[in-house]
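Biologist: I would like to learn how to read a few features of a model, beginning with accessibility and moving on to strands and rings.

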Amino acid sequence: MVPESAVLEDAIASLADGHGIDKIGFCSADTFEDVRATLHERKAAGLSADMAFTYRNPDRATDVSRSLDGAKSIVVGARSYRRSTAQLDASGAGIANIAEYVWEPHYAELRVGLDAIAEYLMASGWNARVLIDDNALVDRAAAYRAGIGWWGKNSNILVPGIGSKFVLGSVVTDAELSVNSEPLADQCGPCRRCIDSCPTTAIVADGVIDSNRCLAWLVQATGSFPIEHRKALGGRIYGCDDCQTSCPPNVVAERSDRGPLTTGVSSVEVAELLTLDDEALIERFGAWYIPRREARYLRRNALVVLGNVGDPQHIQVRELVEQYVASADDIEREHALWAAGELGFTDLVDAAVPS
Ligand code: B12
């Protein structure tokens, strides 16, 4: 007789396949004791900056039984977001680039697949709960335990043949599944390209990110953008992919490639972003993590990008900087003045210095 867990696992695997989930694995729902200790250590060392996420409550983030009574197993799913060709960028006052994981709504698409798995488990008499990019689980720890991939030096999980360009999510269940017993061995070897390519040297040890320096966090943080990292932001408006694009397994085109981008966007005209009002900005970019949902932070990032990539000869660049130097918002004003300095609009900088 086929054990029930094998029937469940086969059905889960075919549901995952049918919903565009590129890799699945199963692991036990035991508390992630090591990860809990790491979260506490990194937080105490200041490496988590002022991020909340899983750092808000490390005990909850490492114990899924707090999310589902009697949790026994975790089904982990990875959905690749890799694209062979970036959308062609338009020209104009300057282009702001968006990190690849948000070009399209991959979390939402992964959720559809994991919801189907959870519904199937519930229809089979078990309890199940989907957790995707949720503060109640450290997704990469579950993926590692499930044997899906290994920890890269950039702290991302890498799947053989797929690389690291995927989003992760899980279904926590009280069903007993035959769990992975052997995590995947390290395949980075001596390679350190991610470490060397980080624009702000944020990878401070193998697998350890100092979020105070990581551009992916700084674009999401409140307050002033640290002046020492503004130039390094270059043309990035959201996220940073450098530690992944430099990673050899990501360079190799594999079956995880979803083909050319057709429905999403990989970049935005910085001038366009700076002409939208608060409501329009939040409506258009609301899927991103925007600090306190305040449009000023999108403009702050856009003004840094404008200072870095804007063409000072372009009339709209000058007009936008002038407009924001006169902003009533102190964050916008300060970053516009920085951009003015970078673009050589010394008259604007001098006019702003109190005599
Ligand atoms: C907080 C967070 C961030 C923060 C901090 C990142 C970080 N490294 O912790 C910021 C905002 C900077 C960030 C950035 C990004 N993120 Co993020 N983020 C998260 C979040 C919400 C929590 C992660 C967490 O708990 N970290 C805690 C620390 C302790 O974990 P860690 O740094 O990975 O530490 C582990 C390693 O050090 C490892 N380890 C220990 N010893 C050793 C030794 C060696 C030699 C090695 C190699 C490893 C190793 O064990 C530690 C855990 O115990 C998760 C979603 C979730 N709920 O899990 C997404 C998540 C991790 N992010 C994700 C993505 C896609 C990104 C970006 C690529 C987005 C972008 N393009 O800008 C970047 C990548 C930056 C990077 N190199 O990490 C994906 C990662 C998928 C994957 N393939 O791994 C996740 C899982 C979201 C999702 N559900 O898909 N992120």
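Biologist: Does Tyr 107 count as buried, partly exposed or exposed, and why?

Modeller: Buried means under 20% relative accessible area, exposed means over 50%, and partly exposed lies in between, with a 1.4 Å probe and protein chains only; Tyr 107 counts as partly exposed because its relative accessibility is 28%. This is a predicted model, in which local features need pLDDT of at least 70 and side-chain atom pairs count only at pLDDT 80 or more, while totals for chains, interfaces and linings use all residues. Residues are numbered from 1 along each chain as its sequence is written, and side-chain values use heavy atoms, with hydrogens and water left out.

Biologist: Why is strand E7 described as largely enclosed by the rest of the structure?

Modeller: In a regular strand the side chains alternate between the two faces of the sheet. Strands (E, at least two residues) are DSSP runs, numbered from the N terminus. In E7, residues 166-173, 8 of the 8 residues are buried, so the strand is largely enclosed; Phe 166, Leu 168, Ser 170 and Val 172 lie on one side, and Val 167, Gly 169, Val 171 and Thr 173 on the other.

Biologist: Which strands are joined to E7 by bridges?

Modeller: Two strands pair if DSSP finds at least two bridges between them. Strand E2 (residues 73-80) runs antiparallel to E7 and is joined to it by 8 bridges, with Val 75 partnered by Val 171. Strand E4 (residues 128-132) is also antiparallel to E7, through 5 bridges, and Ile 132 has Gly 169 as its bridge partner.

Note on methods:
Helices (H or I, at least four residues) and strands (E, at least two) are DSSP runs, numbered from the N terminus.
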